Amino acid sequence: MEQNLNKCFVDKELIMDLFEYMRENNKNNESPLAMRLRPETLEEMVGQSHIVGKDKLLYRAIKADKLSSVIFYGPPGTGKTTLARIIANTTSAEFCQVNATVAGKKDMEEVVAKAKDNLGMYGRKTILFVDEIHRFNKGQQDYLLPFVEDGTIILIGATTENPYFEVNGALISRSIIFELKPLEKDDIKTIIKRAVYDEKKGMGSYKAVIDDDALEFLADISNGDARNALNAVELGILTTDRSEDGFIHIDIETAQECIQKRSVRYDKEGDNHYDTISAFIKSMRGSDPDAVSYYLAKMLYAGEDIKFIARRIMICASEDVGNADPNALQVAVAAAQAVERIGMPEARIILSQAALYIATAPKSNSCIMAIDKAMDVVKNSKTAPVPVHLQDAHYKGSAKLGHGIGYKYAHDYPNHFVKQQYLPDAYVDEKFYEPSDMGYEKDIKKHLEKINSEA
């Protein structure tokens with residue numbers, strides 16, 4: 001009887017193991033493409049070479065299985081969970097994973113208890129991966145602190161939020177922060193091709209092909225998020241009928257439908273890029289805020305680099321507005337700094353404000369006319385000496401040469417102005433800067449006329 005009972009328990013354990021195996025096998029086969037395609041080794045990982053390149057600290061730490069507590073910070077779809085899974089596959093430590101959106105204190109207590117047993121009985125470390133760690137409240141983060149500090153747990157946190165604002169300062173001080181960047185366009189292309197043609201992890205068994213323009217569009221529109229691109233590829237392959245040649249063709253129309261975004265004819269390396277930015281600049285110069293809004297939207301929708309747009313706005317602020325409204329350059333520079341810190345989608349508002357300010361500001365190109373005329377004179381004429389009274393009188397021996405003698409200090413005179421020659425003798429009658437009658441430059445013109453007439 002006892003023998004039969006023991007056999008029953010053994011059979012039950014075998015059945016449970018079989019069910020677990022089948023469940024995991026089905027999970028791997030039926031899970032989303034983005035999950036199935038996750039790299040298992042550092043060599044398979046695409047992108048983030050600034051932290052997982054072969055000469056980088058994180059690469060060496062993972063390879064040597066000497067990882068300390070770390071926090072991975074970056075936008076969705078950049079590889080935070082992937083890196084954690086790679087660590088799980090390479091480490092000899094016990095690996096536990098929880099998601100902060102659903103885990104409670106009881107879950108943490110169980111992990112800590114198991115970690116203590118592993119360390120005390122087997123000398124084996126425990127790595128705890130906390131996804132969305134910023135979702136833990138202060139109490140939950142505080143609970144982990146002593147166990148991270150004494151080495152019971154090696155913490156890996158993943159967050160899309162700035163950890164310096166969202167994670168306990170004590171945990172931060174005991175962890176190394178690694179910032180993951182949005183994937184480059186070429187990285188996304190590599191991942192898409194792997195998804196379409198890899199028969200083991202990807203969807204190669206479906207005999208699908210992706211057109212170059214569809215590949216370009218998906219890589220561009222995914223905005224550095226590999227998961228977005230992979231979800232679109234999976235949807236496209238599963239919902240597209242096989243063609244007469246026996247292949248499933250993912251063309252640009254299919255790609256647009258799968259990601260629910262229309263392709264804009266806009267090649268960042270070709271004519272559309274230059275034509276659109278040209279129209280954008282000319283619309284700002286031409287004081288047409290509606291056209292400015294349209295071309296800005298077109299560039300943003302197509303995924304144009306926001307820093308590139310900001311640079312063009314700064315140039316236009318000085319070239320086409322200039323001193324007619326000196327605040328225009330300040331607005332443009334502030335916008336450029338802001339978009340670099342904030343990023344999309346909020347950067348669209350900042351760029352819009354700056355571009356519309358330039359478009360509606362009074363216009364003057366007097367500044368560019370002045371410097372271009374002066375540059376032309378310098379380029380095509382013999383170099384003229386600086387008038388003696390303007391030369392530096394401070395360096396050794398200069399006073400004996402008469403340098404600086406006769407110079408009139410403007411602040412010693414009424415209205416802080418005195419008439420004296422500043423241009424070299426050869427160009428004393430040249431006029432480089434001629435203020436317009438637009439905006440603030442009209443006041444500049446009046447001021448110059450007044451002080452010169454009173455001198």
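In this predicted model, helix H10 (residues 185–197) and helix H12 (residues 226–239) have axes that come within 10 Å and cross at roughly 30°. That makes H10 roughly parallel to H12, since angles under 35 degrees count that way. The crossing of these two helices, H10 and H12, is right-handed.

Which residues of H10 meet H12? On the H10 side they are Ile-188, Ile-191, Ile-192, Ala-195 and Val-196, and they meet Ala-226, Ala-229, Leu-230, Val-233 and Ile-237 in H12. By class, the contact of H10 with H12 has 10 nonpolar residues, with no polar and no charged ones.

Now for another pair of helices. The axes of H17 (327–342) and H18 (347–360) come within 9 Å, and they cross at roughly 170°. That makes H17 roughly antiparallel to H18, because an angle over 145 degrees falls in that group. The crossing of H17 and H18 is left-handed. H17 brings Asn-327, Ala-328, Val-331, Ala-335, Ala-338, Val-339 and Ile-342 to the contact, while H18 brings Ala-347, Ile-350, Leu-351, Ala-354, Tyr-357 and Ile-358. Sort the residues of this contact between H17 and H18 by class and you get 12 nonpolar, 1 polar and no charged.

What sits between H17 and H18? There is a loop, and Pro-345 has its place in that loop. Take a look at the backbone there: the peptide bond from Met-344 to Pro-345 is cis, with omega near 10°. Another backbone oddity turns up at Glu-132, which has a positive phi of about 60° although it is not a glycine. Glu-132 lies in the loop between strand S3 (126–131) and helix H7 (138–149). To put both in context, most residues other than glycine have a negative phi, and most peptide bonds are trans.

Next, the empty spaces. Rolling a probe the size of a water molecule over the atoms shows where empty space is left. Here is how the spaces in this model look side by side:

| Space | Volume | Lining by class |
|---|---|---|
| Largest pocket | about 1600 Å³ | 17 nonpolar, 9 polar and 16 charged residues |
| Second largest pocket | about 710 Å³ | 11 nonpolar, 4 polar and 7 charged residues |
| Largest cavity | about 30 Å³ | 4 nonpolar, 2 polar and 1 charged residues |

The largest pocket is lined by 42 residues, and Pro-182, Asn-223, Ile-306, Gly-343 and Met-344 lie nearest its centre. You have already come across Met-344, at the start of the cis bond to Pro-345. Helices H11 (212–221), H15 (289–301), H16 (306–321) and H17 (327–342) each supply at least two residues of this pocket's lining. The largest share, 4 residues, comes from H17, which is also the helix that packs against H18.

How about the second largest pocket, with its volume of about 710 Å³? It has 22 lining residues, and those closest to its centre are Lys-419, Glu-430, Lys-431, Leu-448 and Asn-452.

Finally, how many cavities of 30 Å³ or more does the structure hold? The count is 1. The lining of the largest cavity is made of Ala-61, Ile-62, Asp-65, Leu-67, Ile-87, Thr-90 and Thr-91. Two elements, helix H4 (57–63) and helix H5 (80–90), give two or more residues to that lining.

Key
Residues are numbered from 1 along each chain as its sequence is written. This is a predicted model: local features need pLDDT of at least 70, side-chain atom pairs count only at pLDDT 80 or more; totals for chains, interfaces and linings use all residues. Side-chain values use heavy atoms; hydrogens and water are left out. On a 1 Å grid over the protein atoms alone, a cavity is a set of points where a 1.4 Å probe fits but cannot get out, and a pocket is an open set with protein on both sides within 12 Å along at least five of seven lines; lining residues have an atom within 4 Å of a point. Grid points are joined across faces, edges and corners, and a volume is the space filled by probe spheres set on the points. Ala, Val, Leu, Ile, Met, Phe, Trp, Tyr, Cys and Pro count as nonpolar, Asp, Glu, Lys and Arg as charged, and the others, Gly among them, as polar. Axes are lines fitted to C-alpha atoms, for helices over the stretch in contact, and angles run from 0 to 180 degrees between N-to-C directions. Angles under 35 degrees count as roughly parallel, over 145 as roughly antiparallel, 65 to 115 as roughly perpendicular and the rest as oblique. A crossing is left-handed if the near helix is turned anticlockwise from the far one by less than a right angle, and right-handed if clockwise. Contact means heavy atoms within 4.5 Å.
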